[in-house]
There are 2 protein chains.
Amino acid sequence: MVEYSISELDATFGALSDPTRRALLATLVLGEATVGELARPHEISLAAISKHIQILERAGLVRRRRIGRTHHISLEASPLLDAFGWLGAYQDFWDESLDSLAGLLERRS
Amino acid sequence: MVEYSISELDATFGALSDPTRRALLATLVLGEATVGELARPHEISLAAISKHIQILERAGLVRRRRIGRTHHISLEASPLLDAFGWLGAYQDFWDESLDSLAGLLERRS
DNA sequence: TGAATATTCAACCATATGGTTAACAATAAG
DNA sequence: CTTATTGTTAACCATATGGTTGAATATTCA
C-alpha cells in the first residue's frame, strides 16, 4: 500500500466536503476563471466565495494569478489525483463487496 | 457526466478529512472490529473514537451490529465508491495536466 | 483627481469538529 | 447481588466552517 501525507489529504478531503467548493472545481475544470465569474452562478455573497476559494487554495486544489485587479483562478490536478489514489486502495474491497452483493442477488433469483 | 447526490458526498468527504477516521477505515478494510479493538492503536480517549465512529456511521461508511455489550463495526463500500466516482470525473483533467507537465519537462531538456 | 470595479478583510453569529473528563447504561461474570 | 467490562452520553473548551454586512485596498477609467 502506498503511503499518503496526512495533512494534505485532510485539507483535500475537507475542501471537497462542501457542495459550493465542488461546484467551483467543476467550473474550473472547463478552464481558468476570475473570482467574479466563479461567483456569478451562486447565490451567496462574493465574500463567501472568496473564502471558499481561499480554502481550495490552501488545499492546493487551485492556483491564483493576479492580473491587475482581477484574480484568475485555475485548477490544480495533483491533490485530486492523490485523493483518487487514496480511495483507489479500497477498490479491491468494494469490488469484493459488490461481488458478494451480486452473489446474494443471484442466489435469491 | 454522472450526477452525484449533494449531501452524501458532503458527509463522505467530510468523514474522510480526518486522519484518525481514515486510519479506522484502513483497519476495517481488514475485516469487522469492535469499538475497543478499533480504539486500541490510537492514543485518544475511547469517547473520542466513539464520536469518530458515529461520524463514519452517519456518512454511511460504516455499519454497526450490536452483540451483547460489544458493537461490531464493518466497512460499507458504496460511499467510497461514490467518492471515487466523483473524483474519476476529473481524470481527463489531470491526465492532460500531467501530460502538459511532461511536455514542459521534455522541452526543457 | 475622482469615481467605478474587483476582491479581500474584519467583525460578527451559528453550527460542526475534535478533544477532554465524568457520569450513565447495559451486559457479563463472580 | 455486586462488580467488571464495553460503549455511549453529557458538559465543557478550542478551533474551523459557512454565512452575513460593511469597510478597506488596489486598479482602471473618465
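Let me begin with a convention: Ala, Val, Leu, Ile, Met, Phe, Trp, Tyr, Cys and Pro count as nonpolar, Asp, Glu, Lys and Arg as charged, and the others, Gly among them, as polar. With that in place, the surface near DNA strand D comprises six nonpolar, nine polar and seven charged residues. The model I am presenting is a predicted one.

I shall turn to the protein pair first, and then to the two DNA strands.

How are chain A and chain B related? A turn of 180 degrees, with a shift of 0.0 Å along the axis, lays chain B on chain A with an RMSD of 0.0 Å. The two copies are thus related as by a two-fold rotation axis. As for the interface, 29 residues of chain B are in contact with 29 residues of chain A. Of the interface residues of chain B, 100% are also interface residues in chain A, so the copies meet through the same surface.

The area buried between the two chains is about 2800 Å², and carbon and sulfur atoms give 81% of that area. Turning to specific interactions, the rule finds two salt bridges across the interface of chain B and chain A. One salt bridge joins the side chains of B:Asp10 and A:Arg22, at 2.8 Å from N to O. Between chain B and chain A, four residue pairs are in polar contact.

Which elements of chain B form the side that touches chain A? Helix 1 (6-16), helix 2 (19-28), helix 5 (78-88) and helix 6 (91-108) of chain B each supply at least two residues. Helix 5 of chain B gives the largest share, seven residues. By residue class, this side of chain B divides into 20 nonpolar, five polar and four charged residues.

I now come to DNA strand C. There are 22 residues around this strand, and those that come nearest are A:Ser50, A:Arg64, B:Arg21, B:Lys51 and B:His52. Among the atoms of DNA strand C within 4 Å of the protein, 67% belong to sugar or phosphate, and the rest to bases.

Three contacts with this strand may be described individually. A polar backbone atom of A:Gly36 is 2.8 Å from a phosphate oxygen. A polar side-chain atom of B:Arg58 lies 3.4 Å from a phosphate oxygen. On the base side, an N or O atom in the side chain of B:Lys51 is 2.7 Å from a base oxygen of DNA strand C. The elements that give two or more residues to the surface near this strand are helix 3 (35-39), helix 4 (46-58) and strand 3 (70-75) of chain A, together with helix 4 (46-58) of chain B. Helix 4 of chain B provides the largest share, five residues. This surface divides into six nonpolar, nine polar and seven charged residues.

Finally, DNA strand D. Of the 22 residues that surround this strand, the closest are A:Arg21, A:Lys51, A:His52, B:Ser50 and B:Arg64. Sugar and phosphate account for 65% of the atoms of DNA strand D that come within 4 Å of the protein.

What do the side chains of chain A reach here? For A:Ser45, a polar side-chain atom lies 2.8 Å from a phosphate oxygen of DNA strand D. For A:Lys51, a polar side-chain atom lies 2.6 Å from a base oxygen of the strand, and for A:Arg69 the corresponding distance to a base oxygen is 3.0 Å. Two or more residues of this surface come from each of helix 4 of chain A, and helix 3 (35-39), helix 4 and strand 3 (70-75) of chain B. Helix 4 of chain A gives the most, with five residues.

Definitions and conventions. Residues numbered from 1 in each chain as written. Chains lettered and ligands numbered in written order. Predicted model: local features only at pLDDT ≥ 70, side-chain atom pairs only at ≥ 80, totals over all residues. Heavy atoms only, no water. Near = heavy atom within 4 Å. Polar contact = N/O pair within 3.5 Å; in protein donor to acceptor, adjacent residues only side chain to side chain. Helix = DSSP H or I, 4+ residues; strand = E, 2+ residues; numbered from the N terminus. Least-squares fit on C-alpha atoms with pLDDT ≥ 70 in both. Contact = heavy atoms within 4.5 Å. Buried area = accessible area lost by both parts, 1.4 Å probe. Salt bridge = Lys/Arg side-chain N within 4 Å of Asp/Glu carboxyl O.
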